[in-house]
Amino acid sequence: MSRKRLALLGLIIAAALSAAGVAAARKPTSVQAASATFAATDVSQLSQVTCSVTGGDTFQATKATYRGTSVSADPRVAGALTIRAWSLVDTTNGVGHVFGNFRIKGPGTRAHGTLNGAIANGEASGIARGFVRHQWGRIVASMGSTFNPNTGFSTGSLGGSTVGAGFIRSGQWCAPPHWPKS
């Protein structure tokens, strides 16, 4: 065999061994149940407006930052909690929508993502999705909490049983100025 062919063969073998080593060094894929309880009742940057739909109901639109704590046996979702949320609630029947971003900062870990839920009778129920950095992974969890736009989230849970809330939207909602699309 010529030197060029030997060098090419050596390069191919080295690349194959390297790829096998990287594949062997990867952490195996796993799915683990995770849950947390939380409260975020420290309210700041509260901004509220009311708006009405012609011939329809009046809505209270709220934008605020809520801070508190997430408690879990899983350290990836335990720590200081910050939720930046927008809510739109029909003032006649208390039904509406809350959505926003969350961050959990704990010792040696960070989690962040989005939440999206329906509101009925002072209860928010929906989903939280996001990422954790320490021992990298994705979060997909049910989210439920007592929710009041003025006082925040209390008796909340991620990945636990939640009270149900839901709504059917028909017609047009009002659109407060500078409101993100949900």
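## An eight-stranded barrel in a predicted model

The chain contains one helix and eight strands, where helices (H or I, at least four residues) and strands (E, at least two) are DSSP runs numbered from the N terminus. This is a predicted model, in which local features need pLDDT of at least 70 and side-chain atom pairs count only at pLDDT 80 or more, while totals for chains, interfaces and linings use all residues. Residues are numbered from 1 along each chain as its sequence is written, and side-chain values use heavy atoms, with hydrogens and water left out.

Along the sequence, the elements follow the pattern α-β-β-β-β-β-β-β-β. The eight strands close into a barrel in the order 1-2-3-4-5-6-7-8, with antiparallel pairing; two strands are taken to pair if DSSP finds at least two bridges between them. From one strand to the next the twist averages 25°, given that axes are lines fitted to C-alpha atoms (for helices over the stretch in contact) and angles run from 0 to 180 degrees between N-to-C directions.

Strand 1 takes part in two of these pairings. Twelve bridges join strand 1 to strand 2, and four bridges join strand 1 to strand 8; both pairs run antiparallel. Strands 1 and 2 form a hairpin with five residues between them, and glycine 55 in the turn has a positive phi of about 70°. Some residue pairs across these strands are listed below.

| Residue in strand 1 | Partner | Strand of partner |
|---|---|---|
| Threonine 37 | Serine 157 | Strand 8 |
| Serine 44 | Threonine 65 | Strand 2 |
| Glutamine 48 | Threonine 62 | Strand 2 |

Threonine 65 and serine 44 are 21 residues apart in sequence, yet their C-alpha atoms are 5.2 Å apart in space. Threonine 65 is buried, with a relative accessible area of 3%; buried means under 20% relative accessible area, exposed over 50%, and partly exposed in between (1.4 Å probe, protein chains only). Leaving aside neighbours within four places in sequence, threonine 65 is in contact (heavy atoms within 4.5 Å) with Asp42, Val43, Ser44, Gln45, Thr82, Ile83 and Arg84. Its side chain also makes a polar contact of 3.0 Å with that of arginine 84. A polar contact is a pair of N or O atoms within 3.5 Å; within protein, one must be able to donate a hydrogen and the other to accept it, and residues adjacent in sequence count only if both atoms are side-chain atoms.

Aspartate 90, in strand 3, is likewise buried, with a relative accessible area of 5%. A polar atom of the aspartate 90 side chain lies 2.8 Å from the backbone nitrogen of threonine 92. Beyond four places in sequence, the contacts of aspartate 90 are Asp57, Thr58, Phe59 and Val95.

The largest nonpolar core has 25 residues, of which Tyr66, Ile83, Phe102 and Phe153 touch the most other members. Such a core is a set of buried Ala, Val, Leu, Ile, Met, Phe, Trp, Tyr and Cys residues joined through side-chain atoms within 4.5 Å. Elements giving two or more residues to this core include strand 1 (36-52), strand 4 (96-106) and strand 8 (152-158). Apart from it lies another core of five residues, among them Val53, Phe59, Ala61 and Leu88. Phenylalanine 102 touches residues that include Leu81, Ile83, Leu115 and Ile139.

In the chain as a whole, buried residues make up 34% of the 182 residues.
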